[in-house]
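Trainee: Could we go through this model together? I would like to start with the charged pairs and then move to the core.

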Amino acid sequence: VFIWQQQIRGLQDAYSMAMDHGSYEYFDEIFTEDIQADYGVAGTGSGLESLKGICRDALEPLDSVQHMNGNHWARIGDGRAEAGCYFRVHMTREGTSGGDHYEMGGKYTDQLIHTDGGWRIAKRKIDIIWSSGNSDVRFPS
């Protein structure tokens, strides 16, 4: 079970790295093809290409973004798992009236399945718990 927990944590961290570098092609190794995503104000989607679009639309306008994850957890049984972690994300957009920095904290809650290629996230929900800074950086008026 410990090895599987580490593999799931690796997926969650790989997701954050892919997001920070705009390397959405890595999502193919993290999510199922029919991923169901609930990203709150950023949108909901069904399918891998929809998820990539949601993430591109949210992050490509920014000058920089950095995700940090912690407090990972996983409950594993019979080829399925429920897992999650807390996150904190820093975002900057140069020249934004009111300040160039915004950050949010929240949690990911994932449903995973074990496939021939290893664990994949089949469903992801994001809950924002707090934010600070200039929200116009991420959500321009």
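Mentor: Let us fix one term before we look: a salt bridge is a side-chain nitrogen of Lys or Arg within 4 Å of a carboxyl oxygen of Asp or Glu. This is a predicted model, in which local features need pLDDT of at least 70 and side-chain atom pairs count only at pLDDT 80 or more, while totals for chains, interfaces and linings use all residues. Residues are numbered from 1 along each chain as its sequence is written, and side-chain values use heavy atoms, with hydrogens and water left out.

Trainee: How many salt bridges does the count come to by this rule?

Mentor: The count comes to seven. In one of them, Arg-75 pairs with Glu-82, and the closest N and O atoms are 3.6 Å apart.

Trainee: Is Arg-75 buried or exposed?

Mentor: Taking buried as under 20% relative accessible area, exposed as over 50% and partly exposed as in between (1.4 Å probe, protein chains only), Arg-75 counts as exposed because its relative accessibility is 55%. Glu-82, with a relative accessible area of 27%, is partly exposed.

Trainee: Which residues do salt bridges with shared partners join into one network?

Mentor: That network consists of Asp-28, Glu-49 and Lys-52. Within it, Glu-49 and Lys-52 form a salt bridge whose closest N and O atoms are 3.3 Å apart.

Trainee: Why are those two separated by about one helical turn?

Mentor: Because Glu-49 and Lys-52 are three residues apart in helix α2, where helices (H or I, at least four residues) and strands (E, at least two) are DSSP runs numbered from the N terminus. Glu-49 is exposed at 52% relative accessibility, whereas Lys-52 is buried at 6%.

Trainee: Changing topic, how many residues does the largest nonpolar core have?

Mentor: The largest nonpolar core, meaning a set of buried Ala, Val, Leu, Ile, Met, Phe, Trp, Tyr and Cys residues joined through side-chain atoms within 4.5 Å, has 35 residues, and those with the most contacts inside it are Tyr-15, Phe-27, Phe-31 and Tyr-39. The elements that give two or more residues to this core include α1 (2-21), β1 (31-38) and α2 (48-59).

Trainee: And what is Phe-31 in contact with, leaving aside its neighbours within four places in sequence?

Mentor: With contact meaning heavy atoms within 4.5 Å, and with those neighbours set aside, Phe-31 touches Tyr-15, Tyr-39, Leu-48, Leu-51, Arg-120, Ile-121 and Arg-124.
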